[in-house]
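Work through the following exercises with the model open beside you, and try each task before reading its solution.

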Amino acid sequence: MSVIIIMLIGSIIMAGGFLIAFLWSVKDGQFEDHYSPPRRILFDDTINNKPNK
Amino acid sequence: MSIKVLDSKTCFHCGEDCNLSNIHQHDKFFCCDGCKIVFEILNENKLCTYYDLNLNPGIAQKIIIRKDKFAFLDDDSIIQKIIQFTDGNQTNVTFYLPQMHCSSCLWLLENIHRINKGVIISKVNFNKREVFIVLDNSKTSLRKVVETLTSIGYEPHISLHELDTNRIIKGSKIRLYKVGVAGFCFANIMMMSFPEYLSSNGMVEESIRQILKYFIVALSLPVFFFCSSEFFVTACKGIRHKFLNIDAPIALAIMITFGRSLYEIFSDTGMGYLDSMSGIVFFMLVGRLLQEKTYQSISFDRDFKSFFPIAVNVVNDDKNIPTQIDKIKPGDIIKVFNNELIPVDCILSKGKAEIDYSFVSGESLPVVKEAGEIIYAGGRQLSGVLELLVVKEVSQSYLTNLWNKDIFKTKEEMTSSIIHVIGKYFTILVLGIAILASSYWYYHNEYQLMWNTLTTVLIVACPCALLLSSTFTNGNILRILSKNKLYLRHPDVIENISTINQFVFDKTGTLTQQNKIKVTYSGKKLNETEQMNIASLLSQSPHPLGKAINDFLDKRNSIPILNFKWIDGYGIEGWIEEKYYKLGSFEFIHGNMNPNQQNNSTVFVKIENEVLGEFKIVNNYRFGFNQLLNDLNKEFTVAIISGDNDAEYKNLQTILGSKSDILFNQKPLDKLNYIKHLQQIKNMKVMMIGDGLNDAGALKQSDVGIAITENSNNFSPACDGILDASQFSNFNHFIKFIKSGKRTIMMSFFLSLLYNVIGLYFAVQGILSPLIAAILMPCSSISIILMTFGMTELSAWKNGLIKHDNSHV
């Protein structure tokens, strides 16, 4: 079997991986809210203990 | 996040101007006690990061929420309707919080557990303005969580409407799946077909060719069976209704392409056109995805139920029992508190009723009602507590009956959109060409060529380009409009707007600003004591004008009045501090009829024998309204229809001219009938622009109904589009922009015809090779996408709809 077939199978598997990743992210709801996640990650986890004077 | 020196005169919480109030804590000023309380709660719970993330992120808290407002949330049957899931220990619930507007809100709502320890998880979905909460039943209750949210300024919107309908929408996800799968298959089929394009017969090793073929067939299966299923479904639906929609020829073309390609591949006569097929399916799905963008935080389908509270207090043996609204029976006595809606038709039995009907009837001034009078559902009580005797059930009330009219029931019409009409002729034409060409070859006894011609003509003339031009144009128009805060419900609305030739505006709340009555004073300057005395005198008057002027003067002290006299419809008089004050209409002050025909919204002031001046109560028109009406009036017919009195008639007539209809004192049903009259008698295509429940019937009856709202998260009646009030003065530009869309579609359609002619040239001769198809197809698709995009952007720029904004939301 020619090497091109192996390359072909490899590329299909890779592309299929990306497809599955995309479908997964849709199912997970990543396209439903594009405002909160990029901001949520910027919030500090540590509790601000000093009261605002 | 900008750093800015705080102006000490704006509220630290909500940023409103607070020059008049003297509420402060340390160095922070607040516009009202509500804002200060929220600040204190957050400060106590160490949540002041809220104020660090954004400047003045809060929501003004001027309306104080009654303590037992949420008592109904202790009722188990109501709880069951609101929550999503409970296992006894934990409860899952999702609230709709229309106030949510910035990252501070996000942060605070996800840290709600620091105020209410019983909250286990709180997660925000900002696009839907929803927060999902899991709460621990042993530590807190649903009512307490709602009260916590309310205490920090995020009162959840809980209404019957949301309880009735299932909030979960899944449709859009399936389309995303389809686009993903189609894109994957399209790209891979293209890649595998490449060796075939580049080589003439025999160049590619035969064994590799065989393997590639089967890969291609395998990849085309999901495109045919999964991705393009919606074209078949809608085509079948159309045919069943004896209506040839655009999807029918597309489905036919996909089917023939697929069938012929399989035949070629398995009979080893060629490679088929599977690459072109998956390509057009992919592009068409992308177009539909763009076009059917949904606005998750906005609802276009609200009916009266969304506006009504979910429960009211029924008085029974001196106890208040929260009762679900649809369980109220005639004969019950209900309590309605300050600033609450009256849910049913009832008779006033106790309390001072001052009802704001602006939303229901369009009257701009509140109405005073005495005990024993009937009060219709939908009004908002403005002062104090009322006890009301229910006379009708919710489902029988006056307002509800309007909704039960037929127009609110039937609305499943077949769209006669222009692309369907063109598509129909297009299909007939293509079928004609296919038959002609193949019969020509049949006549010449070239049977192989005949089949070839018949199929390739249908393949190449697929009206997908037509579909692409309309979906991409509409999609981009919707996107640009939504950036400019006009949200349309459906892409078909664009086309409806382009046929409109009559505009009908509501006055109160649409041309004027909602809930804002502007009082101006002209004449001799009044000193402090005079103002105080006038205010004291007016506080005795039950007339709405008196109240409006009183609010304008903003004096609280009350001074005793002697010989006070109030003459209904004229004015009020009395002795204050040994001076004789007289306030009222022209006739009341001067003793004779007004020669200048002043309207009835003017109050004259007379102290002793001197007429000092006059208070004018004017409607506060929106910025740019006369310019807008003028512009629209040049090209279209414009009418104004209002539930209010005719005080503004002259003013509006000078803008519109004498030929236009300007109607006052119109009840909701009159408005509906007026629209019907225009449509049926005058044969006009009517666009209604309104705001309140009083316009709901007219909005629905009109060809296009646009609701205007001060805040797009607020509630507006069912309509085809929602316009943010701040963009009102640009409305004529929006109309021009939308109308230009039709031209764009037509032009790109001619471009696609050009490609079709080239394709047909090859197809009728029976020499359309997969290579030509594979070049023509993406060329036409991409050039149409670019052209529609470019032309809509150009038109938007011409109409001033593209701004350089740095604030991405």
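**Exercise 1.** Of the 64 residues in the largest nonpolar core, which touch the most other members?

Solution. The model is a predicted one, in which local features need pLDDT of at least 70, side-chain atom pairs count only at pLDDT 80 or more, and totals for chains, interfaces and linings use all residues. Residues are numbered from 1 along each chain as its sequence is written, while chains are lettered from A and ligands numbered from 1 in the order in which they are written.

Begin with the term: a nonpolar core is a set of buried Ala, Val, Leu, Ile, Met, Phe, Trp, Tyr and Cys residues joined through C-beta atoms within 7 Å, and buried means that 20 or more other C-beta atoms lie within 10 Å of the residue's own, with C-beta atoms placed from the backbone. The residues sought are Ala182(B), Ile250(B), Val281(B), Val457(B) and Leu468(B). Next, find the main contributor, which is helix α11 (residues 274–291) of chain B, with 9 residues; helices are DSSP runs of H or I, at least four residues, numbered from the N terminus.

**Exercise 2.** Describe the side of chain A that touches chain B.

Solution. First count the contacts (C-beta atoms, placed from the backbone, within 7 Å): 23 residues of chain A meet 23 residues of chain B. Then locate them, noting that α1 (3–27) and α2 (36–40) of chain A each supply at least two residues of this side, and that the largest share, 8 residues, belongs to α1(A).

**Exercise 3.** State what part of chain B is buried.

Solution. Taking the 809 residues of chain B, buried residues amount to 42%.

Technical notes: A residue is buried if 20 or more other C-beta atoms lie within 10 Å of its own, exposed if 12 or fewer, and partly exposed in between; C-beta atoms are placed from the backbone. Two residues are in contact if their C-beta atoms, placed from the backbone, lie within 7 Å.
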